[in-house]
Each structure stands twice: as structure tokens, then as C-alpha cells.
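Here is a short tour of side-chain contacts in one protein chain. Look at the sequence and the structure first, then read on.

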Amino acid sequence: MNKNTAIVLYYTKQNKNSFNALVGALETKEFFDNLKIYYIGRENELILKLGSILKEHEKVIVGVSFFTTQLWDTHRIIKKLRDKYGNEPFYVAGGPHPTGDPLGTLRMGFDLVVRGEGEETLIELLQKIDNNENYTIVKGIAFIDAEGEYHFTGQRSPINLDNYPPFAIEHNKFGPIEITRGCPFRCYFCQTPHITGGRVRHRSLENICKYVQIMKSKNLCDIRFITPNAFSYGSPDGKRLNISTLEELLSNIKEIIKPNGRIFLGSFPSEVRPEHVNKETIDLILKYADNDNLIIGGQSGSQRILDLCHRGHTVEDIYNAVQLTSKAGLKANVDFIFGLPDETEDDVKLTIKAMSDLVKMGARIHAHTFIPLPQTPFAKAPAGEINENITKMIKELIPKGIVYGDWNEQKRIAKKIAKYLRTGNLKA
């Protein structure tokens, strides 16, 4: 690759794991051995440093990955960059929001959007750009042409996770290991299956252990995972558990990182589905893992709302999960989303009852406000409103440390997002 080509990544806490995987994919190709990559994590630093970077390199690609909740921050940043540097850099966006709202992202000021999984798209795109070839034929991208016409070049086939590392070893950028990609449940409020597909793909046991060994060699012995459902590893469909394969994964990792390494499964940054919490999965946590808690996706205490959201589990499953978790001496952190579409007073009462019951069983409530997200079935739904009775309950439980989360900030941003998704106007 031309030494005069560089990539500048807006490398923030929220998005660094995505970039670690993408840079790891670039590391698999000798073509990129000479590629200079700048990791910049602060807005002001990005705006200031880009000028000197442009002087050092003939071609500079600025890469930004962002969530819908980061929409206005990203818009502000790209406007400042455009105002200061014009068309000199090539601006590329990817991640959850650009995948779901490619046209809106391009209108913000980006030259190109990478939709969906980025590993193979980014490799081909950068090769085309560096070789001065026509990059508009690369599959998986969206752009607006010189005549103002929008184009999407088509969706790529899902990647084999074993073909690419979970992080960037040569650049010393490590983090959680992605062990599973894709989700079959297609919850109506969630973007995951629309980005990575509904068919689950697992990184092989051998491949995972290879990267655990590399981490161990660098004295990185706290092992965490990225997965839509922590207990689904090895499952043929993401719904039926494969306990033997899950245990094989954990036992092999434990052997590699002993004597002082730690495994965290089912706690941040992953979670578990309530119907998958059973005696066998709890026993695996107690035997192999070091987390003292499980994050359980409950979402609502109303079965009607769970069914409307296409959750695929019952309220009883949530109760059973908390009971088993607490009985094992683990903390149960249960996600609830307030203000889901079509929620009635009766649904709210059922959710309050469920939260009250679960708290008495030892659970903590991780509170969220519903945020409509692009490309999901609930994209055009109104922003979530927190019922006054739920607000009262939250205020009573906060001093006791039983409720936590960013529901207040989410309530504010949800209104802006809902208006934007209806109007396409960022000034709304």
C-alpha cells in the first residue's frame, strides 16, 4: 500500500471495539502493512490534528463509527471538519446508525457509508482507493453520486468469524472477543439482526483459544466476550442451548489463563436471555466464570408487550432467571425498557409489579427508556415516555442502589431521535 495513504479513526470508548475488529481485519492482508493509522479519541484533537496529517499524506480517510444516540455529536464533528478541511479528506461512516440510515448519514456530510459488517468491505474499499480504482463497485457501500443520486451496491454475504481476528494485535488494540454474531429473535426495538443477520455464527473454539493465548502472552488475562446472548455459544440456531460446547469453551479458556486469569460471561459487555438461565448455565458460571452478576434481558413485565416486541420469552422466564441467579449467590441485573410502543396503563402496572417482585428476590433494575432506532420495526414509533408511577418507583429505589441506568438521558435523546426519524431533519 502507498505509504502516503493514511486512515484517521475517531476512536472513542463507545466505538473502539468495532474499530479494533476492523483494523484486525486489515492486519490479515499484507497489502496494508505500510498503512498509517491514527487513533484519535477527542473531538478537539481530531479537528486540530487532521491538518498536520493531511500535510503528511496524499490520501487521508477519516473513519467514524457511531450509534443513533451519537447522531448530533457526529453531525457537529463532521460539520466542523468539512468547514475547516473541505473535501480534502475522504469521510467514511459505518456502524449501527449509518447502516440503518445511510442516506441521512450521507446528507450529514460523509462521502461514503459502509453498511452492515465492515471487515471485507473495508479491505476491498481501501485497496480500490489506494490504487486509484473505481471504489463505487465495492459491495456493501452507499454513496451519493455527482448527479445527487443515492446508490447502495448491495448486501454482502455474512463473514466467517474465523477468517478475521477479534482485535488488532499488531496495533496492540485488544478488548473483548466476539464469539457469536447474529441473532434469530429479531426483537422489534433492536438493530442487531438488521446489521449482522438473523443466523447465528460462532467463532470456533480453536480460534477463540488462539486469541486467548495471544492475550495471555501479553499478560491480558481478564477475558470478556461480545455476543448477543452469552449462553448461546455453540447453539445451532441461537435458541437451543449447547451446554457441552459452552462448557468446552470455558474449560479450555480457564486452562489457558490459569492460575490468575479471569473469565466474565453474561456480564458486561454481554447479557443473557432469561429462558437460557437454568441450573446448567448457572453451574457453568459458578464453576468457570469470575463475574458476580448476570445481566438478564427482561424488558417488560407485561406478556402482551413482550409478544408485541417479538421477544420470544415469557414473564415467568424472567422470574425463574432471577430466582436461579439469586439462589446461586449471584446478582441479577434485569433490563427493563420503559415506554415501549402501545404500552397501556395495565401493561405499566404489570411491569411495576414485576420489578417490585424481582427486587424482593434480590434483583437490581437496569432502567432504559425506549428509543426508536432506524431499520427496526419500531423505527417510526413515538419516543418512550416514562409513566409517572414508574418514575415514582425509580426515585424510591435509587437511594437504595437497586435501580441504575441512563433512562433520563435516554428520555431526552429519544424525543430528538423520534422526530428525526419521522422528518429527516437534524435541526428538529
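A residue counts as buried under 20% relative accessible area, as exposed over 50%, and as partly exposed in between. Glu275, at 23%, is therefore partly exposed. The model is predicted.

**Salt bridges**

Side chains of opposite charge can pair when their charged atoms come close. The count here comes to 25 salt bridges. Three of them are listed below.

| Pair | Closest N to O |
|---|---|
| Arg201 and Glu117 | 2.6 Å |
| Asp290 and Lys254 | 3.2 Å |
| Arg273 and Glu275 | 2.7 Å |

Take Arg201 and Glu117, joined by a salt bridge. Arg201 is in strand β10, and Glu117 is in the loop between β5 and α6, so their pair ties together parts 84 residues apart in sequence. Arg201 is buried, at 8% relative accessible area. Glu117 is buried as well, at 14%.

Asp290 and Lys254 also meet in a salt bridge. Asp290 lies in the loop between α10 and β13, Lys254 in helix α9, so the pair ties together parts 36 residues apart. Asp290 is partly exposed at 33%. Lys254 is partly exposed at 25%.

In the third pair, Arg273 is buried at 5%, while Glu275 is partly exposed. Elsewhere, shared partners join Glu117, Glu119, Glu178, Arg181 and Arg201 into one network of salt bridges.

**Helix α6**

Glu119 also belongs to the buried residues of α6. This helix covers residues 119–130 and spans 17 Å from first to last C-alpha, close to the expected 16 Å. Nine of its twelve residues are buried. Among them are Leu122, Ile123, Leu125 and Leu126. Asn132 follows the helix, with a positive phi near 60 degrees.

**Aromatic rings**

How many aromatic pairs are there? The count comes to nine. In one, the ring centres of Phe66 and Phe110 are 6.2 Å apart and the planes are at 20 degrees, so the pair is stacked. Both residues are buried.

Tyr188 and Phe378 have ring centres 5.7 Å apart and planes at 85 degrees, so this pair is edge-to-face. The two residues are 190 residues apart and link distant parts of the chain. Tyr188 is partly exposed at 29%, whereas Phe378 is buried at 9%. Phe167, Phe174 and Tyr211 form one aromatic cluster.

Charges also sit over rings. The charged end of Lys416 is over the ring of Trp72, 4.4 Å from its centre. Lys239 lies over the face of Phe185, 5.5 Å from the ring centre.

Key
Residues are numbered from 1 along each chain as its sequence is written. This is a predicted model: local features need pLDDT of at least 70, side-chain atom pairs count only at pLDDT 80 or more; totals for chains, interfaces and linings use all residues. Side-chain values use heavy atoms; hydrogens and water are left out. Helices (H or I, at least four residues) and strands (E, at least two) are DSSP runs, numbered from the N terminus. The expected span of a helix is 1.5 Å times one less than its number of residues. Buried means under 20% relative accessible area, exposed over 50%, partly exposed in between (1.4 Å probe, protein chains only). Rings of Phe, Tyr and Trp (its six-membered ring) pair if their centres lie within 6.5 Å; planes under 30 degrees apart count as stacked, over 60 as edge-to-face and the rest as tilted. A charge sits over a ring if NZ of Lys or CZ of Arg is within 6 Å of the ring centre and within 35 degrees of the ring normal. A salt bridge is a side-chain nitrogen of Lys or Arg within 4 Å of a carboxyl oxygen of Asp or Glu.
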